[in-house]
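This report considers charged pairs, a helix and a pocket. The reader is invited to examine the structure shown here before reading on.

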Amino acid sequence: MYKGQSITVIIPCLNEEQGIRRVLEAMPDFVDEVIVVDNNSTDRTHEVATALGAKVIHERLRGYGRSYKRGFANATGDLIVTLDGDHSYPVDAISYLLEAFLHLNVDFLNASRFPVRDRNAMSFKHKIGNLILSIAMSILYLRWVRDSQSGMWVFRRSILADMKLESDGMAFSEEIKIEALKSSRITFGEISILYTSRLGEIKLSPWRDGVQNLWFLVKKRFS
């Protein structure tokens with residue numbers, strides 16, 4: 001419980017036994033519920049997460065968006081915080097994000113990874129790709145978003161009822177922000193966090209996922 005609000009943290013995982021241990025060991029005591037969505041991992045992600053007290057839910061069909069939708073359906077907290085299981089997002093910044101969320105009095109807060117201060121956290125190619133996608137989204141939806149691809153957010157669970165979330169893949173990250181921006185009932189904010197290099201294997205395919213995410217932006221805007 002944080003200042004009268006119950007907190008659920010949702011973490012999608014695909015083969016993150018190394019990173020998820022570090023994430024869960026650093027989880028603040030005020031978090032009421034930690035949901036790890038195991039996206040059909042072949043390593044010990046499930047065992048590690050369970051041993052460290054997380055509620056582990058299985059999503060057999062792989063996909064970033066599918067994992068989050070499964071996690072949302074099982075969340076009970078007033079506020080939902082998301083982050084990846086690779087320890088690239090700062091677990092110790094959850095209280096900072098919650099303070100900003102409450103101070104700004106928003107319904108959805110995006111944690112921007114930019115400016116990237118850890119040189120090893122993101123390649124130049126990834127930086128350019130993220131910039132292109134963020135500019136495209138900002139132009140299409142007439143609202144500047146510094147990091148359209150960030151996977152760390154804080155939002156009120158109640159706003160999910162106002163969202164139409166369709167993507168099962170990596171485009172889910174930009175889609176949930178679009179749904180927040182589109183709704184007149186949802187207020188949107190964004191602040192910077194310290195993003196660091198991940199633990200474990202890299203699963204993102206820059207060119208494939210980048211093109212698919214760009215196409216998704218255009219398709220969703222004009223559909």
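Both Asp147 and Arg113 are buried. The model that contains them is predicted. Asp147 forms a salt bridge with Arg113, with 2.7 Å between the closest N and O atoms. Because Asp147 belongs to the loop between helix H5 (124-141) and strand E6 (153-156), and Arg113 to the loop between strand E5 (108-112) and H5, the pair ties together parts that are 34 residues apart in sequence.

A search of the whole structure finds 12 salt bridges. Three of them are set out below.

| Acidic residue | Basic residue | N to O distance |
|---|---|---|
| Asp147 | Arg113 | 2.7 Å |
| Asp162 | Arg185 | 3.2 Å |
| Glu179 | Lys182 | 3.5 Å |

Asp162 is partly exposed, at 32% relative accessible area, whereas Arg185 counts as exposed at 58%.

Lys182 and Glu179 both belong to helix H6, where they stand three residues apart, about one helical turn. Glu179 is buried, with a relative accessible area of 5%. In helix H6 (residues 172-182), 10 of the 11 residues are buried, so the helix is largely enclosed by the rest of the structure. Among these buried residues are Phe172, Ile176 and Leu181.

Glu179 and Lys182 also help to line the second largest pocket, together with Lys164, Glu166, Phe216, Lys219, Lys220 and Ser223. This pocket holds about 160 Å³ of space. H6 and helix H7 (206-222) are the elements that each give two or more residues to its lining, and H7 provides the largest share, three residues. By type, the lining comprises six charged residues, one polar and one nonpolar.

Methods:
Residues numbered from 1 in each chain as written. Predicted model: local features only at pLDDT ≥ 70, side-chain atom pairs only at ≥ 80, totals over all residues. Heavy atoms only, no water. Buried < 20%, exposed > 50% of the residue type's maximum accessible area, 1.4 Å probe, protein only. Helix = DSSP H or I, 4+ residues; strand = E, 2+ residues; numbered from the N terminus. 1 Å grid on protein atoms, 1.4 Å probe; cavity = no way out; pocket = protein on both sides within 12 Å on 5 of 7 lines; lining within 4 Å. Points joined across faces, edges and corners; volume = space filled by probe spheres on them. Nonpolar A, V, L, I, M, F, W, Y, C, P; charged D, E, K, R; others polar. Salt bridge = Lys/Arg side-chain N within 4 Å of Asp/Glu carboxyl O.
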